Amino acid sequence: MAKVRKTIQMQKIKEYVCSVRSHPNAEMVFEHVRKEIPSITLATVYRNLHKLADDGKILRFKVNNEYRFDCDRSSHVHFVCRCCGSIIDHNDKELCTKLSDVPNMRGFKVESVIMCVEGLCKKCSEKR
Ligand SMILES: [Zn+2]
Ligand SMILES: [Zn+2]
């Protein structure tokens, strides 16, 4: 019984991460998932998110010292707005391929390219 509950928790967490493009952090996932599973704790959400990332089911990356999660594990670029904190996906295959094909990578084999580029989003730069 406890095992079933655990599986459902993880499923709901993964579902939420995959249903949004906002690259949520643990708190954002928690706020959503607790509506469906009121008994869930932030610690459980946190643990499950990292387990999913460790298992390679979702992508984990750090922005401003905080972990964010992404359903899209393919190589892509993130535009991170330093004003409102929004993270926008930018799929530039050419750029990512270029980086993973750099010869003489000191023997390092690139598996995926997940880049974060900081700046101001359209909305925030228009406000200035
Ligand atoms: Zn912004
Ligand atoms: Zn992304």
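User: Which residues is D70 in contact with, leaving aside its neighbours within four places in sequence?

Analyst: With those neighbours left out, D70 is in contact with V17, R21, H23, I58, L59, F61, H76, H78 and D89, and it should be kept in mind that this is a predicted model.

User: How do you know whether D70 counts as buried or exposed?

Analyst: The relative accessibility of D70, which lies in strand 2, is 2%, and because buried means under 20%, D70 counts as buried.

User: What makes the approach of D70 to H23 a polar contact?

Analyst: The side chains of D70 and H23 come to 3.1 Å, and since such a contact calls for a pair of N or O atoms within 3.5 Å, one able to donate a hydrogen and the other to accept it, the pair qualifies as a polar contact. A polar contact of 3.1 Å also joins the side chain of D70 to that of H78.

User: Why are certain residues called donors of the zinc ion (ligand 2), and which are they?

Analyst: The donor atoms belong to H23 (NE2), D70 (OD), H76 (NE2), H78 (NE2) and D89 (OD), and they lie 1.9 to 2.3 Å from the ion; because the limit for this metal is 2.8 Å, these atoms count as donors. Along the sequence, the donor residues follow the spacing H-x46-D-x5-H-x1-H-x10-D. H23 lies in the loop between helix 1 (2-19) and helix 2, whereas D70 lies in strand 2 (residues 66-70), so this pair ties together parts that are 47 residues apart in sequence.

User: What is notable about the phi of H23?

Analyst: Most residues other than glycine have a negative phi. H23, however, has a positive phi of about 55 degrees although it is not a glycine, and its relative accessible area of 1% makes it buried. N64 also has a positive phi, near 50 degrees, without being a glycine; N64 is placed in the loop between strand 1 (59-63) and strand 2, and because exposed means over 50%, its relative accessibility of 61% makes N64 exposed.

User: What makes the arrangement around the zinc ion (ligand 1) earn its name?

Analyst: This ion is coordinated at 2.3 Å by C81 (SG), C84 (SG), C121 (SG) and C124 (SG). The four donor atoms subtend angles of 103 to 113 degrees, and because four donors count as tetrahedral if all angles lie between 85 and 135 degrees, the arrangement is tetrahedral. In sequence these donors are spaced C-x2-C-x36-C-x2-C, and both C121 and C124 are buried.

User: How do you know where the buried residues of helix 2 lie around its axis?

Analyst: The buried residues of helix 2 (residues 26-36) are A26, V29, F30 and V33. Seen down the helix axis, they fall within an arc of 100 degrees, so they line one face of the helix.

User: Why is N25 said to cap helix 2, and at which end?

Analyst: N25 caps the N-terminal end, where one of its side-chain oxygens lies 3.2 Å from the backbone nitrogen of E27, and because a polar contact needs its two atoms within 3.5 Å, that distance is inside the limit.

User: Which residues have the most contacts inside the largest nonpolar core?

Analyst: Within this core of 16 residues, I13, V29, V33, I40, V45, L49 and I58 have the most contacts, and helix 1, helix 2 and helix 3 (42-54) each supply at least two of its residues. A second, separate core of five residues includes L59, F61, V63 and I87.

Definitions and conventions. Residues numbered from 1 in each chain as written. Chains lettered and ligands numbered in written order. Predicted model: local features only at pLDDT ≥ 70, side-chain atom pairs only at ≥ 80, totals over all residues. Heavy atoms only, no water. Buried < 20%, exposed > 50% of the residue type's maximum accessible area, 1.4 Å probe, protein only. Helix = DSSP H or I, 4+ residues; strand = E, 2+ residues; numbered from the N terminus. Arc of directions from axis to C-beta. Donors = N, O, S within 2.8 Å, 3.2 Å for Na, K, Ca; no water. Core = buried A, V, L, I, M, F, W, Y, C linked by side-chain atoms within 4.5 Å. Tetrahedral: all angles 85-135°; square planar, octahedral: opposite > 155°, others 65-115°. Contact = heavy atoms within 4.5 Å.
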